[in-house]
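Please walk through the structure shown below, beginning with a charged side chain and its surroundings and ending with the overall arrangement of the chain.

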Amino acid sequence: MITASVLAKKTGVPIHTVRHYTKVGLLKPSRDSHNNYKIYQPDDVILLRFINNAKESGFTLKEISKILTEAEKGNSPCPLARKVIEKRIAENHKKSN
């Protein structure tokens, strides 16, 4: 179990980013019963890196949320991700013409 500040340090993102992603529901920490701190799991390091990579690739937080929801349901998020990528390509073609 790790705190938000440790998660931020392990992933190289600002603490306010961890807090924002928690607020919007991309990260879902539990609560420490002793001090009520938000506690993240080691897998959240991987998840936060995925979110950052997706953001850097042009995905919005809303799109990332939909992809993560599909994965949580046990569905493959690949078709949804592919659809977003195809949309971005079409948008870029329109901009360049």
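In this predicted model, D44 is buried but takes part in no salt bridge, and K28, the nearest side chain of opposite charge, is 9.4 Å away. A salt bridge here requires a side-chain nitrogen of Lys or Arg within 4 Å of a carboxyl oxygen of Asp or Glu, so a separation of 9.4 Å between D44 and K28 does not qualify. D44 belongs to helix α3, which covers residues 43-56, and, once neighbours within four places in sequence are set aside, D44 is in contact with L7 and L27.

The contact with L7 leads to the packing of two helices. Helix α1, made of residues 4-11, packs with α3 at an angle of about 55°, and the axes of the two helices lie 10 Å apart. That angle makes α1 oblique to α3, and α1 passes α3 in a right-handed crossing. On the α1 side the contact is made by L7, K10 and T11, while α3 contributes D44, V45, L48 and R49.

K28, although it is not paired with D44, does have a partner elsewhere. Side chains of opposite charge can pair when their charged atoms come close. The side chains of K28 and E72 meet in a salt bridge, with 3.2 Å from N to O. Because K28 lies in the loop between α2 (15-23) and β1 (30-31), whereas E72 lies in helix α4 (residues 61-72), this pair ties together parts of the chain that are 44 residues apart in sequence. Both ends of the pair count as exposed, K28 with a relative accessible area of 52% and E72 at 55% relative accessibility.

The count of salt bridges comes to four. One of them joins R88 to E63, whose closest N and O atoms are 2.6 Å apart, and this pair also links distant parts of the chain, with R88 in helix α5 (residues 78-96) and E63 in helix α4, 25 residues apart. E63 has a relative accessible area of 12%, and is therefore buried. E63 and R88 are further linked with E91 in a network of salt bridges. Another salt bridge brings together the side chains of K73 and E70, at 3.8 Å from N to O; here K73 counts as exposed at 57% relative accessibility, whereas E70, at 23%, counts as partly exposed.

At the start of the chain, T3 lies in the segment before α1 and is partly exposed, with a relative accessible area of 26%. Although T3 and Y37 are 34 residues apart in sequence, their C-alpha atoms are 7.5 Å apart in space. Not counting residues up to four places away in sequence, T3 touches K38 and Y40.

These local details can now be set within the whole. The protein has five helices and two strands, which follow the pattern α-α-β-β-α-α-α when read along the sequence. Its C-alpha trace spans about 60 × 30 × 20 Å along the principal axes, and of its 97 residues 29% are buried. Among contacts between residues at least 6 apart in sequence, 46% join residues at least 24 apart.

Notes. Residues are numbered from 1 along each chain as its sequence is written. This is a predicted model: local features need pLDDT of at least 70, side-chain atom pairs count only at pLDDT 80 or more; totals for chains, interfaces and linings use all residues. Side-chain values use heavy atoms; hydrogens and water are left out. Helices (H or I, at least four residues) and strands (E, at least two) are DSSP runs, numbered from the N terminus. Buried means under 20% relative accessible area, exposed over 50%, partly exposed in between (1.4 Å probe, protein chains only). Lys and Arg count as positive and Asp and Glu as negative; His and the chain ends are not counted. Contact means heavy atoms within 4.5 Å. Axes are lines fitted to C-alpha atoms, for helices over the stretch in contact, and angles run from 0 to 180 degrees between N-to-C directions. Angles under 35 degrees count as roughly parallel, over 145 as roughly antiparallel, 65 to 115 as roughly perpendicular and the rest as oblique. A crossing is left-handed if the near helix is turned anticlockwise from the far one by less than a right angle, and right-handed if clockwise.
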